[in-house]
Amino acid sequence: MSVTRYSIVSLLVQKPGEIISFQHKIPAYLKRCTGFKISLVSFLDPQYLNCELGRLSASFNSLKEEAITTSLKHEELGSQDFQELDVQLHPGQIISGVYVDTMLCEDFKSYRVNLYLRCTDKEGQTQNQ
Amino acid sequence: MKNHKFQQIRVRVTDFGESVRINAQTDKQYAKIRGIYVSLPDELLLSGALLGLRVNNQEVFEDAHEIKLITSGHQVAPNKKFFFFEEHLEAGGSAIEGKFTDGGHEALSESPSKLELMRARKAESGYLYEAKIYLWLTNE
């Protein structure tokens with residue numbers, strides 16, 4: 001039976017317009033990444049509800065393709081669903097990417113963002129070329 | 001014999017932002033952990049609350065895993081509230097270890113009366129609130 005694990009990239013945004021680059025190693029026993037979700041961990045003032053807070057893009061050891069491009073919105077009743085992804089992982093795969101704060105407000109308060117990578121130890125089917 | 005049990009693990013939080021270690025053991029009479037549900041006394045407490053979970057020393061959730069991703073609110077039907085584990089997670093007396101982290105009082109500052117109530121409870125009983133973690137154990 002396959003195992004599903006959530007690998008978390010946690011980012012702390014400390015100033016408006018901040019650009020945070022990250023590299024994150026996925027445990028070697030995980031073979032495939034099947035989904036991702038970006039989530040606002042910190043509490044933010046309700047005045048920012050429905051505003052875009054930032055944008056994130058990430059790739060899996062390849063600068064040719066950005067597997068993840070998404071934006072973070074401050075929502076009260078946001079969906080907890082993961083966006084689909086189907087990426088085969090190499091042992092000890094590194095995901096690298098950038099988060100850019102787009103809030104750019106004067107009364108900025110630092111906040112934490114989590115990127116969840118839903119991964120499985122089950123090999124995916126090889127796609128026909 | 002019954003095939004299902006909802007085992008409760010109670011976590012008492014004594015301060016905002018506090019991390020509480022969890023140590024428990026699943027009921028020996030059940031074979032599998034089917035799902036998990038975390039109940040907090042107020043939905044505002046979900047903001048920033050984290051839960052790390054290990055079963056028999058095997059990491060299921062990292063310490064930075066947000067509780068809001070594995071629980072549901074009052075609007076969800078009782079029999080749909082649980083987060084299901086797709087894999088076979090052994091129960092049968094498994095060691096449960098974890099870390100519950102409170103999300104701080106910022107969300108509650110939106111509702112000063114609730115914040116005040118919690119502080120009054122702490123003055124009375126020594127803790128702010130109790131989080132309840134339910135493990136759905138089954139033999140099926």
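Ala107(B) counts as buried in this predicted model, because it has 21 C-beta neighbours inside 10 Å and the cut-off for buried is 20 or more. You'll find Ala107(B) in a loop of chain B, on the stretch that links strand 7 (95–101) to helix 1 (112–125). So what does Ala107(B) touch, once residues up to four places away in sequence are set aside? The contacts are Leu44(B), Ser47(B) and, from the other chain, Phe43(A). Have a look at Gly48(B) too: 59 residues separate Gly48(B) from Ala107(B) along the chain, yet their C-alpha atoms are 8.9 Å apart.

Since one of those contacts belongs to chain A, let's move on to where the two chains meet. Chain A puts 13 residues into the contact, and chain B puts in 14. On the chain B side, strand 6 (residues 83–90) supplies the largest share, with three residues. By character, the chain B side splits into six charged, four polar and four nonpolar residues.

Now for some backbone angles. Most residues other than glycine have a negative phi. Asn50(A) goes the other way, with a positive phi of about 65°. Asn50(A) sits in the chain A loop that runs between strand 3 (32–40) and strand 4 (52–60), and it's exposed because just 9 other C-beta atoms lie within 10 Å, where exposed means 12 or fewer.

Chain B has an asparagine of this kind as well: Asn56(B), whose phi is positive and near 50°. Asn56(B) lies in the loop between strand 4 (50–55) and strand 5 (58–61) of chain B. With 15 other C-beta atoms within 10 Å, Asn56(B) comes out as partly exposed.

Notes: Residues are numbered from 1 along each chain as its sequence is written. Chains are lettered from A and ligands numbered from 1 in the order in which they are written. This is a predicted model: local features need pLDDT of at least 70, side-chain atom pairs count only at pLDDT 80 or more; totals for chains, interfaces and linings use all residues. Two residues are in contact if their C-beta atoms, placed from the backbone, lie within 7 Å. Helices (H or I, at least four residues) and strands (E, at least two) are DSSP runs, numbered from the N terminus. Ala, Val, Leu, Ile, Met, Phe, Trp, Tyr, Cys and Pro count as nonpolar, Asp, Glu, Lys and Arg as charged, and the others, Gly among them, as polar.
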